[in-house]
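Trainee: May we examine this structure together, step by step?
Mentor: Certainly; please look at the sequence and the structure first.

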Amino acid sequence: MAQVARCGLVPLLGLGTWKSKPNEVQAAVEKALAVGYKHIDGAYVYRNETDVGKGIRSCIDQGIVRREELFIVTKLWNTFHEPGAVKPGCMESLSSLGLSYIDLYLMHSPMGFQKVGDELFPEKDGQRLTSDVDYIDTWKAMENLVDEGLVKSIGVSNFNITQLERLLSVARIKPLAIQIELHPYFTRDKLVQYCQDKGITVVAYSPFGAPDREFKNEVKDPCVLLQDPVVAAIAKKHGRTSAQVLLRYHIQRGIAVIPKSVTPARIVENAKVFDFQLDKEDYDQLAGLNKNWSILPASMVAKLQKHKYFPKSDD
Ligand SMILES: NC(=O)c1ccc[n+]([C@@H]2O[C@H](COP(=O)([O-])OP(=O)(O)OC[C@H]3O[C@@H](n4cnc5c(N)ncnc54)[C@H](OP(=O)(O)O)[C@@H]3O)[C@@H](O)[C@H]2O)c1
């Protein structure tokens, strides 16, 4: 078995599955596992866990991978923050994925939403129906999932430093990892340093700025990471693609990265990031592109920023 590059327990490269349609994600997972990915990033809210699970199962059944080699990640959605809802939320994901355990279960956000039927984004009169369940109470219920063997490890996503500090001061089980938006337009140095100092593995999401996101047109400053001339020049210098440079940037920061693709050739391309090195000049140029630009449009932020646990930036 080829050695898998990891940060802590987390394989440095994973396949993202947000926006991957149910009818295409099974093939994407199968392609990824066939070419050596071990880490698959999913979430309850992506509504494609059943097909992600089919891809995993078919590779195991064909002997392409063994379950023990895989690092399967999924996330507790915001409508399951009530402590009593945490286990049912996890069980739904396990059942959809067809797995007996999850390797890393993340709290998708520190912000809970009210449970209104099966609504994932409950709203009334244009306002998000938020809940004030404390993420500490949600975390304690997630710790019980580890005790029960339903998940091997737990972590968080979209938390800021203040929230992490508060969590670390009471957690019985330390978060293994944090998943956050990260790319050269949003380098979040303070948060990354804090997590690395505390031994929490950082996982970068939206490494290409999520060019396929639905709400793209709302953003005034369009994200052109994959077309950025600085990134393109570094790619040319190394005989690589811009995508590979954007992924390699995280790996050299000691950060895991989970690019999403449903295109077989890109799934292969995105995995070829362990056989070249960015030099200091390239790295500094990439870091110099930072402009605290996020994929989240102002309209979405506006709906959430009154939330008691809105993660205001610490950078
Ligand atoms: N925790 C959270 O709150 C959170 C939030 C956002 C994302 N995530 C996770 O992070 C993953 C990745 O982020 P993302 O989906 O937002 O966006 P992303 O990975 O930045 O970008 C995905 C887009 O890039 C395209 N692409 C992939 N490889 C490419 C290549 N080599 N060349 C050119 N284009 C390429 C994909 O197209 P095709 O698919 O058509 O090939 C897709 O349109 C998600 O899928 C999800 O698993 C987590």
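The questions below concern the sheet, the core, the ligand and two lysine and glutamate positions.

Mentor: Before we begin, note that this is a predicted model, in which local features need pLDDT of at least 70 and side-chain atom pairs count only at pLDDT 80 or more, while totals for chains, interfaces and linings use all residues. Residues are numbered from 1 along each chain as its sequence is written, and side-chain values use heavy atoms, with hydrogens and water left out.

Trainee: In what order do the eight strands form the open sheet?
Mentor: Strands here are DSSP runs of E of at least two residues, and helices are runs of H or I of at least four, numbered from the N terminus. Two strands pair if DSSP finds at least two bridges between them. The pairing in this open sheet is parallel, and the order is β3-β4-β5-β6-β11-β12-β13-β14.

Trainee: Which are the edge strands?
Mentor: An edge strand pairs on one side only. β14 is joined to β13 (residues 201–205) by two bridges, and Val 203 stands opposite Ala 256 in β14. The edge strands are β3 (14–16) and β14 (256–257).

Trainee: What is the bridge partner of Ile 178 in β13?
Mentor: Strand β12 (residues 177–181) runs parallel to β13, and five bridges join them. In β13, the partner of Ile 178 is Val 202.

Trainee: How many of the five residues of β13 are buried?
Mentor: Buried means under 20% relative accessible area, exposed means over 50%, and partly exposed lies in between (1.4 Å probe, protein chains only). On one side of β13, Thr 201, Val 203 and Tyr 205 are buried, and on the other side so are Val 202 and Ala 204. The number of buried residues in β13 is therefore, by the cut-off of under 20%, the full count of its residues: five of five.

Trainee: Which residues have the most contacts inside the largest nonpolar core?
Mentor: A nonpolar core is a set of buried Ala, Val, Leu, Ile, Met, Phe, Trp, Tyr and Cys residues joined through side-chain atoms within 4.5 Å. The largest one has 98 residues. Those with the most contacts inside it are Tyr 105, Leu 164 and Ile 178.

Trainee: Is Lys 75 buried or exposed?
Mentor: Lys 75 lies in strand β5 (residues 71–76). Its side chain makes a polar contact (a pair of N or O atoms within 3.5 Å; within protein, one must be able to donate a hydrogen and the other to accept it, and residues adjacent in sequence count only if both atoms are side-chain atoms) with the side chain of Tyr 46, at 3.1 Å. With a relative accessible area of 0%, Lys 75 is buried.

Trainee: How far apart in space are Glu 30 and Ile 56?
Mentor: Glu 30 lies in helix α1 (residues 22–34) and is partly exposed, with a relative accessible area of 23%. Glu 30 and Ile 56 are 26 residues apart in sequence, yet their C-alpha to C-alpha separation is 6.8 Å.

Trainee: How much of the ligand does the protein bury?
Mentor: An oxygen atom of the ligand is 3.0 Å from a polar backbone atom of Ala 210, and one is 2.7 Å from an N or O atom in the side chain of Ser 261. Taken alone, the ligand exposes 910 Å² (Shrake-Rupley method, 1.4 Å probe), and the share of that area buried by the protein is 90%.
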